[in-house]
Amino acid sequence: MPIDATILNQVEHLRELGDKAKAALAARIDLRKYSAGENIFSFGDPGHALYIVHSGEVEIYVKNHQGEKIVLEISKPGDIFGEISLLDEGPRTAWVNAVSDVEVLRLDREHFEDYIREYTPAALNLLSVAARRLRKSDEVIRRTVSRNANDVTAEQQTVLTRIADAVPSI
């Protein structure tokens, strides 16, 4: 069921669209509700839609090879997620769970492509959102990689190295 176009005024990068463009986009968007803790999508799922947080918060995370959860972002109202799979038609690259009860606006691929053809500035807005997300993810990865490298170094110390390190402190 389409949403009321005035809801789109709450989304920062959509505010600049004219009323006609907002109405056209709203006709293509569905409102979905998820309970706190509920999974919205998982890594590897097909990516058929992008989402805009209308209310509540969602957690976007990945897992490293050790199975540790790495939170990339907590998305709040107005934030977009799921755009990568929508843009490249690949599987989901992360897990997304509702942190609280959440309402999201869902735009599927077919409607997205039609909308972008009609309203090219919307594509530029989405690309800027994707670029910001990529920058945030890069920063998270840099912090995680440096932390993990230190952990690995500590784990790889031999018994002799630990004894040698301890000798000066005796």
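Q: What makes the order of elements in the chain, read from the N terminus on?
A: The elements run α-β-β-β-β-β-β-α-β-β-α-α-α, with five helices and eight strands in the chain. Helices (H or I, at least four residues) and strands (E, at least two) are DSSP runs, numbered from the N terminus. The model is predicted: local features need pLDDT of at least 70 and side-chain atom pairs pLDDT 80 or more, while totals for chains, interfaces and linings use all residues. Residues are numbered from 1 along each chain as its sequence is written, and side-chain values use heavy atoms, without hydrogens and water.

Q: Why is F81 called buried or exposed?
A: Buried means under 20% relative accessible area, exposed over 50%, and partly exposed in between (1.4 Å probe, protein chains only). F81 has a relative accessible area of 1%, so F81 is buried. F41, at 7%, counts as buried, and so does Y51, at 6%. Of the 170 residues of the chain, 41% count as buried.

Q: Why is the pair of F41 and Y51 called stacked, edge-to-face or tilted?
A: Rings of Phe, Tyr and Trp (its six-membered ring) pair if their centres lie within 6.5 Å; planes under 30 degrees apart are stacked, over 60 edge-to-face, and the rest tilted. By this rule the count comes to five aromatic pairs. One of them is F41 and Y51, with centres 5.9 Å apart and planes at 35 degrees, so the pair is tilted. F41 lies in strand 2 (residues 39-41) and Y51 in strand 3 (residues 49-55), so the pair ties together parts 10 residues apart in sequence.

Q: What makes F41, Y51 and F81 a cluster?
A: Ring pairs link F41, Y51 and F81. The rings of F41 and F81 have their centres 5.9 Å apart and their planes at 40 degrees, so this pair is tilted. F81 lies in strand 6 (residues 80-81) and F41 in strand 2, so the pair ties together parts 40 residues apart in sequence.

Q: How do you know that the charged end of R92 sits over the ring of F41?
A: The rule asks for NZ of Lys or CZ of Arg within 6 Å of the ring centre and within 35 degrees of the ring normal. The charged end of R92 is 3.9 Å from the centre of the F41 ring. The charged end of K63 likewise sits over the ring of W95, 4.9 Å from its centre.

Q: What makes the phi of E89 worth a remark?
A: Most residues other than glycine have a negative phi. E89 is not a glycine, yet its phi is positive, about 60 degrees. E89 is in the loop between helix 2 (83-88) and strand 7, and at 57% relative accessibility E89 counts as exposed.
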